[in-house]
Amino acid sequence: MPVEILSPREIERMRRAGQCAAATLREVGARLRVGVSTADIDRWVRADTAARGARPSQLGYRGFPAAVCTSRNAVVCHGIPSEAERLGDGDIVNVDVTSELDGFHGDTSMTFVIGEASPEARHVVEVARRCRDAGVAEVRDGARLGDVGAAIAALAAREGCGVVEAFGGHGIGRRMHMEPHVAHTGVRGAGLRLKAGMAITIEPMVTLGRPDIRQLDDGWTIVTADGRWTAQFEHTVLVTKGGCEVLTA
Ligand code: MF3
Ligand code: CO
Ligand code: CO
């Protein structure tokens, strides 16, 4: 299947979906503090998404039981919100919001630092953010997906961090997950050539230790195999002639 090229009208709808997801993430992020449960985050995402006339894309996706992924400390991604899980001083938590508005999806996440985190925890969060931004900076008409992955992997290696290879970004549009797969490692000059009008996500998962992962028995939660902490940031971007437009800014 070729990667879809969005029409100007579709792009306008992607802008609205991206802004919607970004606004929900911003609102929910502002409410995080010690003592909040990840189930609180799920309730806030449901309410804020509904107030914007949108639907949480993740709810029921392949049976996912919540509206948002909340991934704390050693959880890489796909953490399931729970009443029992409360944010503690020094924790880091990724909140991944995907919203469907008017038939199009926007997907964005940030890792938040709760209270006073250790220098190591703050390091992995900052490296993950910079890796996401380094990937975004490679995106333009004519660039290769390998350029995106190579830039991310080089920065993480320079900072002494790992990059998870088992999961990647993805095309996005009328569905949350579409082609192509966007690897966060790669070889410069290799891979799919990006074209103006494609929409993809860039969402590196960066680790303090080894990048190996395992899945918990709940069938969703992905954790680092070595138990060390991990962070992730995600944007949905539109490829343009000269670069890209971040749809979830
Ligand atoms: N928002 C996630 C992503 O960035 C999708 C998680 S799928 C779910 O691709 F089912 F776990 F929600
Ligand atoms: Co995504
Ligand atoms: Co996401």
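**Two cobalt ions and a bound ligand**

The six donor atoms around the cobalt ion (ligand 2) form an irregular arrangement, because the angles that they subtend run from 51 to 160 degrees. Donors are N, O and S atoms within 2.8 Å of the metal (3.2 Å for Na, K and Ca); water is not among the atoms, so sites may look incomplete. An arrangement is irregular if it is neither tetrahedral (four donors, all angles between 85 and 135 degrees) nor square planar (four) or octahedral (six), the latter two requiring opposite donors over 155 degrees apart and all others between 65 and 115. The structure is a predicted model, in which local features need pLDDT of at least 70 and side-chain atom pairs count only at pLDDT 80 or more, while totals for chains, interfaces and linings use all residues. Residues are numbered from 1 along each chain as its sequence is written, chains are lettered from A and ligands numbered from 1 in the order in which they are written, and side-chain values use heavy atoms, without hydrogens and water.

The cobalt ion (ligand 2) is coordinated at 2.0 to 2.2 Å by Asp 107 (OD), His 170 (NE2), Glu 203 (OE) and Glu 234 (OE). The spacing of these donor residues in sequence is D-x62-H-x32-E-x30-E. Asp 107 also bridges to the cobalt ion (ligand 3), and the two ions lie 3.3 Å apart.

For the cobalt ion (ligand 3), the protein donors are Asp 96 (OD), Asp 96 (OD), Asp 107 (OD) and Glu 234 (OE), at 2.1 to 2.4 Å. Their residues follow the spacing D-x10-D-x126-E. The arrangement of the six donor atoms is irregular here because the angles range from 58 to 168 degrees.

Ligand 1 is surrounded by 13 residues (each with a heavy atom within 4 Å), the closest being Gln 58, His 170, His 177, Glu 203 and Glu 234. Polar side-chain atoms of His 170 and Glu 203 lie 3.0 Å and 2.8 Å, respectively, from an oxygen atom of ligand 1. A polar side-chain atom of Thr 98 lies 3.0 Å from a nitrogen atom of the ligand.

Terms used: A polar contact is a pair of N or O atoms within 3.5 Å; within protein, one must be able to donate a hydrogen and the other to accept it, and residues adjacent in sequence count only if both atoms are side-chain atoms.
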